[in-house]
Amino acid sequence: MTRSIMLSFAFLPRRLPAVIQTLRQFNSCAQVEPNDLNSNSIEAGPDLSCSYTYSCNCEITKLGRCGKVKDARHLFDDMPQPDAVSYASMINVYLKNHDLPSAERLFQAMPTSNIVAESAMISGYAKAGRIGDARHVFDRMENRNVYSWTSLISGYFSCGQVDEARRLFGHMPVKNVVSWTTMILGYARNDMVDEARHVFNLMPERNTVSWTVMIKALIDNDQFDEALSLFNDMPQRNLYSWNIIILGLLIANRASEAIKLFDSMPCRNAISWTTMVTGLAHNNMAQLAREYFDRMPNKDVAAWNAMIAAYVDQGLVAEAAELFSLMHERNVVTWNLMIDGYTKSGSKEEALKHLILMLRFCFRPNGTTMASVLSSCEGMMELMQSHALVLLHGFEHDTVVVNTLVTMYSRNGDVTSARFVFDHLREKDMASWNAMVSAYSNNGYGHHALQVFAHMLRSGTKPDEITFVGVLSACSHAGLVNKGQRVFNSMNHVYDIEPKAQHYSCLVDILGRAGLVDEATKVVRMMPASEKDAAVLGALLGAYRFHGDIRMASLIGEALQELEPGSAGGYVLLATIYAARGKWDEFARVRKKMKERKVNKVPGFSQIQVKGRSHVFYARDRSHPQAAEIWGLLQEKLLPHMWEMRYSKYRSPEQELN
């Protein structure tokens with residue numbers, strides 16, 4: 001890998017706080033899996049301990065747990081007389097290893113079905129979103145057990161069919177603690193925490209999992225006091241319940257309470273310690289996080305990564321590098337963290353060095369690495385080199401990576417390349433459509449953006465808030481007033497999306513550009529006060545500026561300055577309006593107010609690429625290493641020529657340089 005791969009890196013996309021990742025890890029551990037509670041059933045039956053068939057069935061299950069699906073199938077095929085348990089065992093192996101089609105074929109080939117295989121298929125169909133097939137198997141069952149009922153209920157919840165899950169639960173002849181807990185978990189995952197709590201209160205008996213699932217549901221809905229109260233009422237606690245409540249307190253920025261609970265834990269595991277490290281870092285307590293990290297008895301890679309992430313987020317790259325050098329085992333996340341840290345600190349050479357070392361040590365970049373590298377590109381040369389790296393490592397069909405490619409090509413003005421990679425993406429998600437709509441909209445291709453939006457709707461993808469920002473912006477650029485108004489109105493009436501400040505800002509801009517300033521003003525007056533931000537007032541100010549209404553522009557400009565007194569945008573726009581109308585006293589008053597409030601205008605800049613390297617020049621900035629040579633060339637050749645061509649209307653070349 002050569003240095004031509006990338007010449008510089010910009011900031012990697014900000015990671016979600018590591019504490020949230022730990023919560024997700026817990027979530028996967030806390031899920032109720034009825035199949036796990038019945039795993040022994042495929043080995044049960046008559047006393048056949050000396051039987052060859054029984055031994056084969058046990059070995060099939062064992063091979064499946066190790067991921068050796070082909071070996072398990074070979075053993076199954078070699079059995080002279082596989083029984084019903086053999087078929088059920090092999091079906092479970094396929095399902096555990098995410099091969100539903102093979103499980104389905106074997107299930108259909110069974111000479112006689114049995115309750116274990118049928119229940120397993122219900123669970124498999126439900127997890128794959130094929131709830132109709134799951135229900136078909138359920139309805140054909142001669143006998144049903146709690147597991148088959150619970151699997152179908154869980155499937156209905158996963159598909160969002162809450163009423164059907166509730167109805168089925170009501171018809172269950174026999175319920176156990178797993179069934180009740182599945183209802184709690186289903187309601188919680190559908191953001192119905194009050195219903196989950198109602199079911200929890202009705203439970204005839206509860207176990208530790210039931211309590212923990214309910215506590216987590218409350219934490220997910222920011223009901224931290226209620227979660228803590230429930231934790232204190234638990235008759236028995238396990239590590240999961242301790243970890244989840246501590247994590248909840250850390251998310252709520254209640255670090256002192258979390259520390260107190262952690263210190264009172266009867267025992268701790270790696271997740272407990274890592275939760276404290278990530279949570280304290282989330283509370284901007286990196287030094288205290290390091291103390292807990294040093295106290296941790298057995299540090300795994302996740303713990304090291306958590307501490308490195310804490311340092312990186314605090315900008316302490318030297319400390320992160322120290323830990324990195326001490327690690328005996330690293331993974332892709334570790335390398336990504338270091339690249340991120342060096343990039344944020346401006347040490348792009350070190351970032352490049354770690355990317356090359358990552359490849360040299362045979363760590364294959366993942367989608368996060370590729371998306372981060374693409375996001376760092378400062379020009380077309382670097383972007384094309386990074387795109388080649390994406391192709392080299394086979395990420396051309398990775399949705400996140402391609403979405404980033406679309407965005408970066410758009411930022412560089414190459415919408416043709418953006419559309420090319422978008423069209424070749426096999427699985428488009430919401431972000432894919434939004435990226436392409438925004439690509440056209442931001443580059444002035446309003447009609448093309450609307451065509452992509454129409455294609456998106458035909459594909460069955462429901463638009464979100466970000467989609468409508470791009471579509472409304474496209475209507476503004478294309479001058480489509482009626483279309484823009486219809487799209488805005490459809491947000492609430494058709495898609496049940498409440499317009500936000502950005503959407504109102506776009507609508508005001510659409511009306512303002514068309515000269516409909518009275519309608520734009522009416523929109524601002526009628527919109528919710530909570531959404532009236534600087535962007536909305538700025539759009540209205542721009543409308544009055546464009547149509548020369550100085551009085552209204554002055555009133556809106558003053559309101560904008562009071563709304564955001566530290567932002568230069570309102571001052572600059574109002575000063576520009578006064579200057580354009582020759583009102584120099586008012587212009588001077590605005591500039592004076594900026595100085596009094598110490599508001600600085602962001603300087604303009606230009607950027608060029610020479611031999612693959614980006615050069616950025618800010619207004620009145622002479623910090624470039626070749627500044628003297630550049631200014632000399634300007635004074636000798638370019639400015640005199642500009643003067644002759646009358647581009648410099650008011651100042652001589654000597655005045656321009658001084």
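**Figure 1. Cysteines without a bridge.** Search the whole structure for disulfides and you get zero. This is a predicted model, and C475 shows how its cysteines can sit apart. The nearest cysteine sulfur to that of C475 belongs to C506, and at 9.3 Å it is too far away for a bond. C475 has a relative accessible area of 0%, so it is buried. C267 makes a contrast: its relative accessibility is 44%, so it counts as partly exposed.

**Figure 2. The whole chain, before zooming in further.** The protein chain folds into 38 helices and two strands. Of its 658 residues, 46% count as buried. Take the contacts with a separation of 6 or more, and 56% of them link residues 24 or more positions apart. The accessible surface adds up to about 34100 Å², with carbon and sulfur atoms making up 52% of that.

**Figure 3. The largest nonpolar core.** This core counts 114 residues. M90, I91, M214, I215, I245, I246 and I308 have the most contacts inside it. Which helix gives the most to this core? That would be α19, residues 301–313, with ten residues. Zoom in on M90 and, leaving out residues up to four places away in sequence, you find it touching I60, V69, A72, R73, F76 and L106. Another core, of 62 residues, lies apart from the largest one, and its members include A418, L425, A539 and Y544. As a rule, nonpolar side chains in soluble globular proteins tend to be buried together.

**Figure 4. Helix α6 and its cover.** Helix α6 spans residues 100–109, and its buried residues are L100, S102, A103, E104, L106 and F107. L106 is also one of the residues that M90 touches. Which helices help cover the buried residues of α6? Among them are α4 (69–78), α5 (84–96), α7 (115–127) and α8 (131–140).

**Figure 5. Helix α23, mostly tucked away.** Seven of the nine residues of α23 (residues 367–375) are buried, so the helix is largely enclosed by the rest of the structure. The buried ones are G367, T369, M370, A371, S372, V373 and L374. What caps the N-terminal end of α23? N366 does the job, with a side-chain oxygen 3.1 Å from the backbone nitrogen of T368.

**Figure 6. A buried asparagine in α25.** Helix α25 runs over residues 399–411, and N403 is part of it. Is N403 buried or exposed? With 9% relative accessibility, it counts as buried. Its side chain makes a 2.7 Å polar contact with the side chain of S432. Beyond residues up to four places away in sequence, N403 touches L425, D429, A431, S432 and A435. L425 turns up again here, having already appeared in the core of 62 residues.

**Figure 7. Where to go easy on the details.** Average pLDDT for the protein chain is 81, and 80% of the residues score at least 70. Both of the following stretches score lower. Over residues 1–50, pLDDT stays under 50, though the model still has 113 contacts beyond four places in sequence for them. Residues 647–658 also stay under 50, with 17 such contacts in the model. Where pLDDT is low, the predicted coordinates should not be read in detail.

Notes
Residues numbered from 1 in each chain as written. Heavy atoms only, no water. Core = buried A, V, L, I, M, F, W, Y, C linked by side-chain atoms within 4.5 Å. Buried < 20%, exposed > 50% of the residue type's maximum accessible area, 1.4 Å probe, protein only. Helix = DSSP H or I, 4+ residues; strand = E, 2+ residues; numbered from the N terminus. Contact = heavy atoms within 4.5 Å. Areas by Shrake-Rupley, 256 points an atom, 1.4 Å probe, with all protein chains shown as cover. Polar contact = N/O pair within 3.5 Å; in protein donor to acceptor, adjacent residues only side chain to side chain. pLDDT = per-residue confidence, 0-100. Disulfide = S-S within 2.5 Å.
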